[in-house]
Amino acid sequence: MAVEIPGLVSVIIFYICILAIGVWGSHKSKKVEKTCPGSKSDVSIVGGRNINVLVGIFTMTATWVGGGYIMGTAEAVYSPNQGLIWALGPPAYVLNFFLGGLFFAKPMRSKRYVTMLDPFQSRYGNTFTAALLVPALISDILWVACILAALGGTMSVILGLSSTISIIISAAVSIVYTFLGGLYSVAYTDIIQLCFIFVSLWLCVPFLVLSPAVGALSQTLPLNQTAGHSWVGDLQLEDAGKWVDQLLLQALGGLSYQALYQRILSAASSVQAQITCFAAAGAVFLMGIPSVVIGIMAASADWNQTDYGLPPPIERGDSGKILPLALQYLTPTWVSVLGIGSVAAAVMSSMDSALLSSASLFTKNIYKTTLRKTASERELQWVIKASVLIVGMAGTGLAFGGSSVLALWLFI
């Protein structure tokens, strides 16, 4: 497949804009460091506890709406052995934010913790805290791998660009602006990224619904005439335990992510932290609807009417790429280019958070308290930057081997 030059140019321009905003965020972070009463490393980690509530909602939502979320949801709906009833990402994330806002936001913010491991460290000591860091670090690395794998698959389908090149370039951009500006760069780029995701994905929906290949089927039975499966899915009594387990895995698992508490602890007050969680619950559900629609349209499509032809994606083992495939073959070219932009934005909005999350935990709870208790603020800031780079490289390396975005997404 030849490289789609206009689409590639559009993605490059988008990346340049995001990088520019990230650099601007790093300048703002330096200004805050001069006036913030706390330490400079706290500005990088929690933004000096002065993040605007609207910015907090955007960055909280954007962190969860990653490539794994939008592509994994579409894959779940499309897959014949799952379907809509097994697309648990949106309801699980809503539950995650409500639980976070109800039970964790107020006590964590009121006690002015810097990371989620602070209460464990103060109660159980450094050794126990170091043990807790290991699974948190592994989760963040897998999170980075998941979302980069989503982007690589999308760009290879729509732009004809090597997934390896796509992964490397996207990772480099995200690492650079996170490296430079910490939470301020992450938060302000999240605003642009989330807006772009919202507009571009919702713009794709009417073109998918009105596509000749799915028009007749989408208005009648939800039964795929080609692949022979329903997009609704099926939940048998013997599978109820598995369904609940997956729901709770995603809902409660999110409560153990530093990225959640980083936004909570960056709020100006406990009330603002709770508002951020509750507002993000509604926003993240809204952002999942286009992926559900894309999965339904792909399951209802007669792929023989498209250039993709037969056999359908499920029989070729392409379920993990169903979102970019649907955009590529069921919408006009310019719409599919917007779709790739939304995936790129989703990837960077989550990747930067994962990078900063691990860097914050290691610097605050291991390096500062155990390895180098006399470390200066300048040294701590360089440790944060080095940690961002190392985690980014580790996640990027794992992304090259990911075939199913949904599998990686569930695994984290």
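**Helix packing, buried sites and cysteines in a predicted model**

Let me start with helix H8 (residues 163–209) and helix H12 (residues 270–300), which pack at an angle of about 30 degrees with their axes 9 Å apart. That makes H8 roughly parallel to H12, given that angles under 35 degrees count as roughly parallel, over 145 as roughly antiparallel, 65 to 115 as roughly perpendicular and the rest as oblique. The axes here are lines fitted to C-alpha atoms, for helices over the stretch in contact, and the angles run from 0 to 180 degrees between N-to-C directions. Helices (H or I, at least four residues) and strands (E, at least two) are DSSP runs, numbered from the N terminus.

A word on the basis of all this: the model is predicted, so local features need pLDDT of at least 70 and side-chain atom pairs count only at pLDDT 80 or more, while totals for chains, interfaces and linings use all residues. Residues are numbered from 1 along each chain as its sequence is written, and side-chain values use heavy atoms, with hydrogens and water left out.

Back to the first pair, where H8 passes H12 in a left-handed crossing; a crossing is left-handed if the near helix is turned anticlockwise from the far one by less than a right angle, and right-handed if clockwise. On the H8 side the contact includes Leu 194, Ile 197, Phe 198 and Trp 202, and these belong to a set that meets H12 residues, among them Leu 286, Met 287, Pro 290 and Val 293, where contact means heavy atoms within 4.5 Å. The residues of this contact divide into 15 nonpolar, no polar and no charged, with Ala, Val, Leu, Ile, Met, Phe, Trp, Tyr, Cys and Pro counted as nonpolar, Asp, Glu, Lys and Arg as charged, and the others, Gly among them, as polar.

The second pair is helix H7 (residues 126–158) with helix H14 (residues 322–330), packed at an angle of about 20 degrees with axes 8 Å apart. H7 is thereby roughly parallel to H14, and H7 passes H14 in a right-handed crossing. Gly 153, Thr 154, Val 157 and Ile 158 in H7 meet Pro 324, Leu 325, Leu 327 and Gln 328 in H14, and the residues of that contact divide into five nonpolar, three polar and no charged.

Leu 327 also appears in the surroundings of Gly 339, which, leaving aside its neighbours within four places in sequence, is in contact with Cys 204 and Leu 327. Gly 339 sits in helix H15 (residues 333–371) and counts as buried at 0% relative accessibility, where buried means under 20% relative accessible area, exposed over 50% and partly exposed in between (1.4 Å probe, protein chains only).

Asp 190, in helix H8, is likewise buried at 0% relative accessibility. Not counting residues up to four places away in sequence, Asp 190 touches several residues, including Arg 263, Ser 349 and Asp 352.

What does the count of disulfides come to? It comes to zero, with a disulfide taken as a pair of cysteine sulfur atoms within 2.5 Å. The sulfur of Cys 204, a buried residue with a relative accessible area of 0%, is 16 Å from the closest cysteine sulfur, in Cys 195, too far for a bond. Cys 195 itself is partly exposed at 36% relative accessibility.

Finally, the backbone: the peptide bond from Leu 310 to Pro 311 is cis, with omega near 0 degrees.
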